[in-house]
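Here is a short tour of some helices, what covers them, and a few residues with unusual backbone angles. Have a look at the model first, then read on.

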Amino acid sequence: MTNNLKNIRDLTFEEIEEFFLTHNRPNFRASQVYKWLWSNFVYDFSQMTNLSLNDRNLLISNFAIKSISKYEYIDSKDGTTKFLFKIDNEKVVEGVLIPQKDRYTVCISSQAGCSLACKFCATGKLKLLRNLAAWEIFDQVYLINKFSLEKYKSKITNIVYMGMGEPLLNISNVLKSISLINYSHGLNISQKRITVSTAGITKIIKKIADLKPKFNLAISLHSANNKKRSELMEINETNNLRNLLASVSYFYNITKIKPTYEYVLLSGINDSQDDAEELIEFCKKSPAKVNLIEYNHVKGIPFKKSTKESTQKFIDILEKNKILVKLRRSRGEDIGAACGQLATQNKKW
Ligand code: SF4
């Protein structure tokens, strides 16, 4: 019966307040309930002990409390852990914990599957099943943080929305999840430690800029040549480099946050001197940083990782031209947890 009830974790604080007001209950009940849910992470109304029995019963008859509780995890040889979260009793979304020296980065999913079909990405081979709710995005962070506290005695330090799905196509839930993660009485993780990645949905980049966010923006660029980029990413046909540049400059002008261009180096495809020069020209048009990513093999996808020599040459050309560039080494490749590999492999249920 509770299955048909609305999930109270879908409600904003104001909506909970509204609920108590319409039932002639004191409105401080809303902050009590909100704290149980988002500070104490209590998902059972009967354990909300500072509410009267009447109010607990009122909640029980009107709402369910849904959360992600079931997950499996697999450890990589390099210390990375991949999590498979079960939603709707069957679908799986993936998250990854990447421990480094003083950094515990979590990569989370915003959709089950993806509609964009970028050529180098395993998730792109899956269809879009559905958008994740804000609480489902939050729960990935919460559960991985709990795991990190138990295993490493350390809270997670950084969150990247770079798992399954295109975050900007689920933007209202993504923004809601960021404010939940940021909630000062809860996980209290600063927006500055959060990065939202996009394949380049230009209109929404501008809308986000208008909200003056404090979180970082990463753009999956992968080529600064329109024809090549369209071959790698269909989204470039409707959101081409000119429009992308306009939206990225708009974002920078409003927020003063330099976006990061993600660029996966594919041997013989986008790793030549000409490719580097086109990237430099693109970067000079609006302040940005570049993250080069080592390609990770995906079964059935014909691309190859750039050689060490081509990678180094690419970096040298960028650095000579004063472009801020970092090489992101592959992590978790052996368990299908690395960039572009998330495709719900290894699940047992
Ligand atoms: S790279 Fe991102 S946007 Fe492109 S198919 Fe993969 S998950 Fe979707």
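## Helix H4

Helix H4 takes in residues 134-152, 19 in number, and its first and last C-alpha atoms sit 27 Å apart, close to the 27 Å expected at 1.5 Å a residue. Keep in mind that this is a predicted model. H4 is mostly covered, with 14 of its 19 residues buried. Just past the end of H4 comes Lys 153, whose phi is positive at about 55°.

## Helix H5 and its cover

Helix H5 (residues 171-182) also checks out on length: its 12 residues should span 16 Å at 1.5 Å a residue, and the end C-alpha atoms are indeed 16 Å apart.

Which residues of H5 are buried? They are Ile 171, Asn 173, Val 174, Ser 177, Ile 178, Leu 180 and Ile 181. The cover over these buried residues includes three helices we meet elsewhere in this report, H2, H4 and H6, along with strand E9 (158-161) and strand E10 (194-198).

## H6 alongside H8

Now for a helix pair. Helix H6 (residues 202-210) packs on helix H8 (residues 241-255) at an angle of about 5°, and their axes are 9 Å apart. With an angle under 35 degrees counting as roughly parallel, H6 is therefore roughly parallel to H8.

From H6, the contact draws on Thr 202, Ile 205, Lys 206, Ile 208, Ala 209 and Asp 210. H8 answers with Asn 243, Leu 244, Ala 246, Ser 247, Tyr 250, Phe 251, Ile 254 and Thr 255. Sort the residues of this contact by character and you get eight nonpolar, four polar and two charged.

Follow the chain on from H6 and you reach the loop that leads to strand E11 (216-220), where Lys 212 is found. Lys 212 has a positive phi of about 50° even though it is not a glycine. Is Lys 212 buried or exposed? Its relative accessible area is 56%, and since anything over 50% counts as exposed, Lys 212 is exposed.

## H1, a helix with two sides

Helix H1 (13-22) is linked by a loop to helix H2 (28-38). The buried residues of H1 are Ile 16, Phe 19 and Phe 20. Looking down the axis of H1, these buried residues fall within an arc of 95°, so they line one face of the helix. The general rule behind such spacing is that an α-helix has 3.6 residues a turn, so residues three or four places apart point the same way.

What do the buried residues of H1 pack against? Their partners are H2, helix H3 (53-62) and strand E2 (63-64). On the face turned away from that buried side, H1 carries the exposed residues Glu 14 and Thr 22.

Asn 24 comes just after H1 and lies in the loop between H1 and H2. Its phi is near 50°, a positive value in a residue other than glycine. Asn 24 counts as exposed, at 71% relative accessibility.

## Cys 283 in H9

Last stop: Cys 283, which sits in helix H9 (residues 273-284). Cys 283 has a relative accessible area of 7%, and because buried means under 20%, Cys 283 is buried.

Which residues does Cys 283 touch, leaving out those up to four places away in sequence? Tyr 261, Val 290 and Ile 323. Of these contacts, Ile 323 is 40 residues from Cys 283 along the chain, with 7.4 Å between the two C-alpha atoms.

Technical notes: Residues are numbered from 1 along each chain as its sequence is written. This is a predicted model: local features need pLDDT of at least 70, side-chain atom pairs count only at pLDDT 80 or more; totals for chains, interfaces and linings use all residues. Side-chain values use heavy atoms; hydrogens and water are left out. Axes are lines fitted to C-alpha atoms, for helices over the stretch in contact, and angles run from 0 to 180 degrees between N-to-C directions. Helices (H or I, at least four residues) and strands (E, at least two) are DSSP runs, numbered from the N terminus. Angles under 35 degrees count as roughly parallel, over 145 as roughly antiparallel, 65 to 115 as roughly perpendicular and the rest as oblique. Contact means heavy atoms within 4.5 Å. Ala, Val, Leu, Ile, Met, Phe, Trp, Tyr, Cys and Pro count as nonpolar, Asp, Glu, Lys and Arg as charged, and the others, Gly among them, as polar. The expected span of a helix is 1.5 Å times one less than its number of residues. Buried means under 20% relative accessible area, exposed over 50%, partly exposed in between (1.4 Å probe, protein chains only). The arc is that of the directions from the helix axis to the C-beta atoms.
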